[in-house]
Each structure stands twice: as structure tokens, then as C-alpha cells.
Amino acid sequence: MKHDTDRAWIEVSISHLRHNVQQIQKVLPPGCELMAVVKTGAYGHGAAEISVHLNNMGVTAFAVAVIEEGIRLREAGVRGEILVLGYTDVRRAKELCRYDLMQTVIDSDYAEKLNRQGIPVKVHIKIDTGMHRLGIPVEDVSGVRAVFAMEYIRVCGMYTHLCCADSRAAEDISFTQKQTACFYSLTDALAKSGITLPKLHIQSSYGLLNYPELSCDYVRAGIALYGVHSFPGDDTKLKLDLQPVLSLKSRIVLIRFLKKGSSAGYGRAFTASRDSRIAILPAGYGDGYPRSLSCEKGRVNIRGHQVPVIGRICMDQMAVDVTDVPDAAAGDTAVLIGTGEDGPLAPDLADACGSISNELLSRMGARLPVIVKDDEY
């Protein structure tokens, strides 16, 4: 047994990642490039590990949430463009320049403050077309033009975010179409005023899956890159053959025997309805496995059997009922999140605890080692 797999670990399949990259690239419009969204540890998959392998596959555009994530990628040797999607204090302009990171302009005032630092910085301008989070309002053409004229700001891109692209409801489709129309009206106005347009991007994963006809320079693929949908059974316009990249695994460290009527765990939340065999796993919500999956809401795969989580999930431990798996023993691998064939899928688990795959995966604990596997080599 390897030391890094003696408790709990994340396992990522590079062959599945490579397959997903190929599937996405097949449907990109001519001249459009995949921008891999690797924020929050590449959605729990390990940002450095994933990004280095993506580099080796020819991917040269990445998106992160915060400057620290971008710096870590550079320190790991990641080449190409790295866009910081979120806020960075303008006093860190030297770091943006030193690590060759592109910063999102979150509004006009931010652009002015960043320019006043007197340090050349590459940026992408965020345009607010209706999400009302970050960005210069799409109606403010003069404000956008002013950013292009700033001495120390080099505009390399411009983008917006579609807030309901995952929905196929008629009203949400209409709203998304209004967002894209507003964005293109702005770019047309800028071009007519003599501004050379930078690279443009609108679509994230669901933007591509539901609006593949949009023509841009990048598609910001996040959850689709990792082979799952946000919700189980999502019906998208474009149906890609995606393969889950991440598995969350642990090991049985102890088998306990409970007599019928005995209780176990915090609050005595489990009472054995029969003589039972209980397996203890050294993983819990501190590793990102939701506590809300306690008391038989969660299922774990052991020796090919789906067994229920019993009692309350703890920060560092959990218990499962292996009474119906008589050969289960200490040292056996338990699959908490799998790829479908070997364990529960992330969308199903996320749905069971009232969340989405994006949150479930990105909350995988930082203490978990990432084991990279590539079955093609």
C-alpha cells in the first residue's frame, strides 16, 4: 500500500481528461480555443497536476479565480495565458506583471485605479450583460472605450457571463439571447469607433452545451472539462460523450460488529435493526464528503457493492454498513465518488444533498493527496 493512499485520496484519470478535451475541441467553432477553467484546485482535481497535463495536450489558455492560483500555476511551470476571473487588489499589479497574468477589469473605477499603478498589466474587460455581478455595464460604451485608451492597460480580451445558460426554459433562453445580443451590439459599436477588438468569449460549459452556435475566440470550460454535469440528467442541446475525471477513495481501517439494537455514532443516530458489520472509513466532511449525506443518504462502493452510510458523518471519519458484503475487510478500497462504473457519480451525490457537482468537487479537502493515473501510457 502506498503511503499516500493509506487513508483517503483523490484519483484523477488523465485518459478521461484527454478524452473530454478532445470531445470539447471537436465542437468548437473554427478559430475558437479551449480556455480551461482550473480555479479552486481545478474543481478539486488538483490545479497544478491538471494544468500541466493540459499543457502537454496542447491547451495554452487557463482561467483561475484569484491571483494566488495563477502564481501557483506559473510556479508549477504552466505555459500560456492565465486569466484571473475575480478581483485582485490593484496594489498587486507588480505580481500580475511579474507572473504574466491577465487580470479581469471588474468596473471602470477599478481600471482607472489599476492604470494609476504605472505598471503594464494585461487585462480582459468583463462586461455586465445582466448577471449584475462583476463588469462594466454593457450600455456604457464610452466607459469601455476609455479602458482601451489607458496608458498602462493592455486589453487582451473582453467577455461576459451567461447567468442561466444551463436552463432550457423558454424565459431563460430568451434572457440568454438578450445577453448575447447586447454583448455583440457593444463589440460592433467599439469596432465602428475604430477600436481593434481583442479576443472575445461568452460561453462557459453550459454556454457551449446549449449555445454552440455562438462564435467567439475562447470557450471557458469548467465542469464539462471534468466530465460531469452540474445536475444529474441535465438535458442540453449539445450532447457530448464526457467521462468523469475524479474519484474520491478511502480505505476500511476497522470492522466493528454491532448486535441488533446497538447504536453507533454521534447522537446515536444509527441503531442496528439486525446483527451488523460496520466498516469505519478514515474520511469525512473535512475531506469534502458532505455531512448531509449521513444516515443512509449516501452510498459507498465496496467490492462492487453499494453500501449505505450509517449514522452521522464526522469531520474525519464515517461508517458504512457492510453486513451484506461478508468478505469486506480492513484495507479494502471504498469509492465515495466514482466514475459511474465503480461508484456514485458526483451529480447524483450533489443532488442528494441539495447542491451541484461544482460545489461538491471544489470542496474536496486540501489535505487529500491527488493520485494521477493515465491508462493510455
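**Exercise 1.** Leaving aside its neighbours within four places in sequence, which residues is Met315 in contact with? Place Met315 and classify its exposure.

*Solution.* The model is predicted. Start with the location: Met315 lies in the loop between β17 (305-310) and β18 (318-321). Next, list the contacts: Gly284, Tyr285, Gly286, Asp287 and Arg367. Then take the relative accessible area, which is 44%. Partly exposed residues fall between 20% and 50%. Met315 is therefore partly exposed.

**Exercise 2.** Test the length of helix α1 (residues 14-26), then decide how far the helix is enclosed.

*Solution.* Take 1.5 Å a residue for the 13 residues of α1; the span should be 18 Å. The end C-alpha atoms are 18 Å apart, so expectation and model agree. Now turn to burial. Ten of the 13 residues are buried, so α1 is largely enclosed by the rest of the structure. Among the buried residues are Ile14, Leu17, Val21 and Ile24. Their cover includes strands β1 (8-13) and β2 (33-37), and helices α3 (47-56) and α9 (205-210).

**Exercise 3.** The structure holds three aromatic pairs. Classify the pair Tyr43 and Tyr226, and say what the pair ties together.

*Solution.* The ring centres are 5.1 Å apart and the planes stand at 40°, so the pair is tilted. Tyr43 belongs to helix α2 (residues 39-44), while Tyr226 sits in the loop between β10 and β11 (246-251). The pair therefore ties together parts 183 residues apart in sequence. Finally, check burial. Tyr43 counts as buried at 10% relative accessibility. Tyr226 counts as buried at 1%.

Key: Residues are numbered from 1 along each chain as its sequence is written. This is a predicted model: local features need pLDDT of at least 70, side-chain atom pairs count only at pLDDT 80 or more; totals for chains, interfaces and linings use all residues. Side-chain values use heavy atoms; hydrogens and water are left out. Helices (H or I, at least four residues) and strands (E, at least two) are DSSP runs, numbered from the N terminus. The expected span of a helix is 1.5 Å times one less than its number of residues. Buried means under 20% relative accessible area, exposed over 50%, partly exposed in between (1.4 Å probe, protein chains only). Contact means heavy atoms within 4.5 Å. Rings of Phe, Tyr and Trp (its six-membered ring) pair if their centres lie within 6.5 Å; planes under 30 degrees apart count as stacked, over 60 as edge-to-face and the rest as tilted.
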